[in-house]
Amino acid sequence: MAIAKMSHLRLVGLRSDQNKIMDVLVSRGLFEARATDALPFELSSGETSRYRELKLKQSEISFALDFLKARHTAMETALEQNKRDVKKGKASPIDYTLSGEKYEAGRRLITKADFSDAAAREYELMHVCDDLKQLSFKLVDCSARMSELNSAAENFKPYAVMPIKLSELHRDGDIAIAMYSNRTSAKHNELLNGLPCAYEVRNSDGVTVVLIVARKNNVAEIDKQLGAAGYTKCEYNDDCTAAQKVDALKSESEDVQREISELTKTALGYEKHVNDLRILYDVIELDIERSEAEQKFLKTDSTFVLEGWLPERIAQVTVDEVQAAAPKAFIQLLAPEEKDAPPTLVENNRLVKPYEQITDMYSSPRYREIDPNPIMAIFYFLFFGIMIGDAGYGLILAIAGFVVGTSKKFDVGMKRLALLVGMGGISAIIWGVLFGGYFSIDFGETQVALILNPLDKPLLLLVLSIGMGVVQIMTGFIIKFVALCKERKPFSAIFDCGSILLLFVALILLVVGMLPSLAPMLGITVGFVPPKGLSTAAIVLALTGVGLILLFGGRNSKNVFGKVIGGFKGLYGLVNLLSDLLSYCRLFGLCLASCAIGLAFNSLGSIIMDIPIAGYVIGGIVLAILHLFNLALGVLSAYVHDARLQFLEFYGKFYDGGGRLFAPLGQKTKYIRYN
């Protein structure tokens with residue numbers, strides 16, 4: 001259980017063997033390409049034309065999938081609106097059944113055969129993308145036409161209140177007819193009465209429409225005065241009334257809408273290809289990933305140079321397979337140099353594996369750094385359970401977590417999260433038995449707790465929580481101490497870590513010495529007499545630790561003043577250490593809150609159960625809902641606060657992170673995962 005050692009693979013081969021070599025490396029699923037080191041002679045870099053071609057294909061597939069999703073949503077909305085209109089008697093039912101295709105995020109489980117089949121049908125599926133692209137162009141044209149028709153209908157609509165052909169507004173003769181509209185609320189009577197014309201005024205949805213009849217030589221003056229008052233002259237000359245024109249436009253708009261509906265139905269007929277398109281997207285994604293790797297190679301007309309990382313445990317086996325596929329290739333396996341920054345591949349057993357995502361949320365370990373997951377997993381497991389503190393809740397979490405975590409229906413990330421919660425459920429069962437917590441049931445005088453009841457002895461629970469914090473923080477400093485010693489920095493190990501550890505040991509000795517006097521307050525019985533001199537030893541250790549901090553805290557400063565200030569600064573840092581220790585009170589607080597809330601819910605449920613006839617049924621339902629709420633709240637709180645303790649109080653003592661996770665070729669997919 002550690003960070004896997006990496007081997008640096010360097011290969012020089014014939015370009016005619018390149019595909020065979022890459023097939024072997026990708027099929028192993030444990031090769032990560034790296035940029036080729038500078039060589040003492042000129043070579044060209046990898047080609048990019050293939051990469052651009054693949055990206056173009058992938059973008060076409062992505063467009064097709066997005067287009068189908070948009071059409072599916074549009075049809076779904078149209079069908080729902082149609083149902084409402086049918087109920088109101090405004091429309092006839094649409095004779096169309098929408099497919100049950102789901103477009104939610106997530107990766108679908110497939111077999112290698114499904115993958116190969118989609119790859120073999122690439123030509124057919126790309127033709128589907130072309131068809132969908134042509135349909136999208138037609139829909140865009142229809143949408144543009146629809147917008148034009150609706151806009152035109154809105155322009156003609158105000159004039160529909162006047163029953164006159166629009167062509168009459170442009171006839172020749174001494175008498176002229178004109179029509180104007182005004183969208184403002186200005187008064188018009190006084191203005192119109194002063195004009196040399198006969199007129200009629202009508203209102204259309206807040207728009208004032210004026211029809212005038214005047215001598216032709218007066219029209220210019222009338223236009224000028226009405227224009228100044230905010231009127232717009234109607235310039236349409238259609239040989240029909242505005243109302244007829246609006247009806248014609250609406251009819252044409254309905255025809256276009258029917259065309260859009262038919263195009264949408266045609267597009268949705270391609271939904272049967274959605275899953276194959278998704279698989280093909282990832283087929284091409286893996287080809288793109290491979291092409292990106294090949295761009296890092298240096299090449300001549302007939303040869304190429306490949307470099308990358310392999311886990312040491314499978315490096316030689318992989319080399320043997322590559323050599324068998326390409327006998328003329330020259331291959332080297334090299335150990336990482338000091339200047340190299342190999343990727344990090346964390347290898348843990350099945351129990352620790354789910355906890356890796358907690359560390360990755362913070363920062364992945366560097367290649368040459370210790371893997372903190374095995375140690376952190378122990379503390380995370382214990383803390384999660386104590387925050388829940390109920391065996392009944394733990395049983396539910398364990399069952400649900402392991403059912404989801406072992407199912408093939410879910411992705412790796414979801415399964416790991418479920419297993420983490422499931423193991424947290426086991427921890428909750430253990431702590432629940434120790435605390436006597438079974439769905440927060442009050443057993444009265446019956447003693448069911450093996451060590452303590454949180455509600456009866458909260459102070460003891462607080463001491464237990466702080467004690468667990470002491471153990472974890474000390475563990476962090478011990479790890480840092482060992483790491484500094486391995487780096488050949490013994491003075492830093494002693495002065496920076498050893499001094500803090502002495503203070504913690506002094507604190508433990510002091511508490512042990514005071515146990516007989518603290519026991520009544522904690523509600524426990526101490527069956528031993530502490531050895532004499534514990535308090536003296538504690539004081540000596542504490543003074544030694546403080547002295548080391550004061551004398552050597554500023555040892556790296558170049559002047560005396562800096563050394564003195566550095567020592568006092570180190571002492572001040574003990575305040576932060578105390579703050580870190582007090583953070584573990586959240587174990588106490590969340591456990592107590594979960595127990596108290598559950599007890600309150602039980603009291604409420606018992607009141608409901610006293611109701612005659614259906615009391616037990618209603619009370620049982622209410623209790624189930626309330627306890628599920630308490631469980632959900634507890635899980636969320638435990639997950640977040642437990643992670644916080646690891647990130648700040650534990651990792652802050654020894655862990656740097658900043659690593660880059662191993663990313664082998666052939667693992668990057670968006671829509672699929674393999675069985």
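Welcome to this predicted model. A good place to start is helix α15, which passes helix α17 in a right-handed crossing. From there the tour moves to α14, which also packs with α17, then to helix α1 and its buried residues, and finally to a few single residues, among them Phe439 in the loop between α13 and α14.

**Helix α15 against helix α17**

- Helix α15 covers residues 490-522 and helix α17 covers residues 560-582; their axes come within 13 Å and cross at roughly 55 degrees.
- The two helices, α15 and α17, are therefore oblique to each other.
- On the α15 side, the residues that meet α17 are Ile500, Leu503, Phe504 and Leu507, and their partners in α17 are Leu574, Leu577 and Leu581.
- Sorted by class, this contact of α15 with α17 has seven nonpolar residues, with no polar and no charged ones.

**Helix α14 against helix α17**

- The axes of α14 and α17 lie 9 Å apart, and the helices pack at an angle of about 130 degrees.
- That angle makes α14 oblique to α17.
- From α14, the residues Ile466, Gly469, Val470, Ile473 and Phe477 meet Leu577, Asp580, Leu581 and Leu582 of α17.
- By class, the contact of α14 with α17 has seven nonpolar residues, one polar and one charged.
- Leu577 and Leu581 of α17 are worth finding in the model: they meet residues of α15, and they meet residues of α14 too.

**Helix α1 and its two faces**

- Helix α1 runs over residues 18-28, and its buried residues are Gln18, Ile21, Met22, Val24 and Leu25.
- These buried residues span an arc of only 155 degrees around the axis, so they sit on the same side of α1.
- Turned away from that buried side is the face of α1 with the exposed residues Asn19 and Ser27.
- The elements covering the buried residues of α1 include the strands β2 (6-14), β10 (298-299) and β11 (303-311), along with the helices α8 (274-294) and α9 (312-325).
- After α1 comes Gly29, which has a positive phi near 70 degrees.

**Loop residues with a positive phi**

- Phe439 is a residue other than glycine, yet its phi is positive, near 55 degrees.
- You can find Phe439 in the loop between α13 (412-435) and α14 (458-486).
- With a relative accessibility of 33%, Phe439 counts as partly exposed.
- Arg488 is not a glycine either, and its phi is positive at about 60 degrees.
- Look for Arg488 in the loop between α14 and α15, where it is exposed with a relative accessible area of 76%.

**Two buried residues to look up**

- Ser440 lies in the loop between α13 and α14.
- The relative accessible area of Ser440 is 11%, so this residue is buried.
- Setting aside residues up to four places away in sequence, Ser440 touches Asp390, Ser594, Cys595, Gly598, Leu599 and Asn602.
- Ala418 belongs to helix α13, and its relative accessibility of 8% makes it buried.
- Apart from neighbours within four places in sequence, Ala418 is in contact with Gly401, Val404 and Gly405.
- Ala418 and Pro354 are 64 residues apart in sequence, and their C-alpha atoms are 8.5 Å apart in space.

Notes. Residues are numbered from 1 along each chain as its sequence is written. This is a predicted model: local features need pLDDT of at least 70, side-chain atom pairs count only at pLDDT 80 or more; totals for chains, interfaces and linings use all residues. Side-chain values use heavy atoms; hydrogens and water are left out. Axes are lines fitted to C-alpha atoms, for helices over the stretch in contact, and angles run from 0 to 180 degrees between N-to-C directions. Helices (H or I, at least four residues) and strands (E, at least two) are DSSP runs, numbered from the N terminus. Angles under 35 degrees count as roughly parallel, over 145 as roughly antiparallel, 65 to 115 as roughly perpendicular and the rest as oblique. A crossing is left-handed if the near helix is turned anticlockwise from the far one by less than a right angle, and right-handed if clockwise. Contact means heavy atoms within 4.5 Å. Ala, Val, Leu, Ile, Met, Phe, Trp, Tyr, Cys and Pro count as nonpolar, Asp, Glu, Lys and Arg as charged, and the others, Gly among them, as polar. Buried means under 20% relative accessible area, exposed over 50%, partly exposed in between (1.4 Å probe, protein chains only). The arc is that of the directions from the helix axis to the C-beta atoms.
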